[in-house]
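The exercises below ask you to read a fold from its coordinates, working from strand pairing to charged contacts and then to a single side chain. Try each task with the structure open before reading the solution.

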Amino acid sequence: MTNRMELSGTIAKPPIRSKSPSGIEHCRFWLEHRSTVIEADLPRQVYCRMPIVVSGQRSQALTQNLVQGSSIKVGGFVTYQTGRNGVGKLVLHADNITQI
């Protein structure tokens with residue numbers, strides 16, 4: 001099975017950096033995507049806002065230049081996470097970030 005996603009867009013909020021109790025570094029931010037795609041032979045405006053998480057030793061190197069408003073392309077895997085409030089959401093766990 002394959003779980004791989006790429007999404008480009010703009011960082012919507014300033015990245016938040018943290019460290020887990022076990023010492024793993026994390027960087028979290030929201031990526032906002034807007035584009036036009038063709039569906040059923042008609043142009044369609046597409047919008048989504050997705051939470052992105054970057055974890056591990058490469059976290060600092062991948063995210064050191066990211067600021068709100070940066071245009072980037074992110075690649076990684078998608079997982080479902082349930083928040084403390086019980087609301088679930090899809091989260092993209094990035095292992096590749098490219099400035100565009």
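## Exercise 1: The pairing of β3 and β4

Strands β3 and β4 run antiparallel and are joined by 14 bridges. The model on which this and every later step rests is a predicted one.

**Task.** Place β3 and β4 within the order of elements, determine which residue of β4 stands opposite H26, and establish which residue of the hairpin takes a positive phi.

**Solution.**

Step 1. Begin with the inventory, which comes to one helix and six strands, and read it along the sequence, where the pattern is β-β-β-β-α-β-β.

Step 2. Take the limits of the two strands next: β3 covers residues 25-39 and β4 covers residues 42-55. Following the antiparallel pairing of these strands, one arrives at H26, which stands opposite S55 in β4.

Step 3. Turn then to the hairpin, in which two residues lie between the strands and A40 has a positive phi near 55 degrees. A40 is not a glycine, and with a relative accessible area of 68% this residue is exposed.

Step 4. Examine D41 as well, which is placed in the loop between β3 and β4 and has a positive phi near 65 degrees, although D41 too is a residue other than glycine. Its relative accessibility is 73%, so D41 counts as exposed, the threshold for that class being over 50%.

## Exercise 2: Salt bridges on β3 and β4

**Task.** Identify the partners of E32 in salt bridges, and state which residues are joined into one network by shared partners.

**Solution.**

Step 1. Start from the whole structure, where a search finds five salt bridges. The background for this count is a set of 12 positive and 6 negative side chains, whose centres lie 11 Å apart.

Step 2. Consider E32 with R34, for which the closest N and O atoms are 3.8 Å apart, a distance that satisfies the criterion of within 4 Å. E32 is partly exposed, at a relative accessible area of 22%, whereas R34 is exposed, at 60%.

Step 3. Consider next E32 with R49, whose side chains also meet in a salt bridge, with an N to O distance of 3.8 Å. Because E32 lies in strand β3 and R49 in strand β4, this pair ties together parts that are 17 residues apart in sequence. R49 is partly exposed, with a relative accessible area of 37%.

Step 4. Add the bridge between E39 and R44, where the closest N and O atoms are 2.8 Å apart. Both partners fall in the partly exposed class, E39 with a relative accessible area of 42% and R44 with 45%.

Step 5. Collect the bridges that share partners, and the result is one network made of E32, R34 and R49.

## Exercise 3: V74 and its surroundings

**Task.** Decide whether V74 is buried or exposed, and list the residues with which V74 is in contact once its neighbours within four places in sequence are left aside.

**Solution.**

Step 1. Locate V74 in strand β5, which covers residues 71-82.

Step 2. Apply the accessibility criterion: V74 has a relative accessibility of 1%, and because buried means under 20%, this residue counts as buried. For the protein as a whole, buried residues make up 31% of the 100 residues.

Step 3. List the contacts outside the sequence neighbours, which are M5, E6, L7, L31, I52, L92, A94, N96 and I97. Two residues of this list, I52 and L92, are also bridge partners of each other, L92 being in β6. The strands concerned are β4 and β6 (residues 88-99), which run parallel and are joined by two bridges.

Step 4. Set beside these contacts the pair V74 and S59, which are 15 residues apart in sequence and lie 13 Å apart in space, C-alpha to C-alpha.

Step 5. Finish with the protein as a whole. Of the contacts with a separation of 6 or more, 54% are between residues 24 or more positions apart. The C-alpha trace spans about 50 × 30 × 30 Å along its principal axes, and the accessible surface comes to about 6800 Å², with 52% of that area belonging to carbon and sulfur atoms.

Note on methods:
Residues are numbered from 1 along each chain as its sequence is written. This is a predicted model: local features need pLDDT of at least 70, side-chain atom pairs count only at pLDDT 80 or more; totals for chains, interfaces and linings use all residues. Side-chain values use heavy atoms; hydrogens and water are left out. Helices (H or I, at least four residues) and strands (E, at least two) are DSSP runs, numbered from the N terminus. Buried means under 20% relative accessible area, exposed over 50%, partly exposed in between (1.4 Å probe, protein chains only). Contact means heavy atoms within 4.5 Å. Accessible areas come from the Shrake-Rupley method with a 1.4 Å probe; for residues, only the protein chains shown count as cover. Lys and Arg count as positive and Asp and Glu as negative; His and the chain ends are not counted. The place of a charge is taken as NZ of Lys, CZ of Arg, CG of Asp or CD of Glu. Two strands pair if DSSP finds at least two bridges between them.
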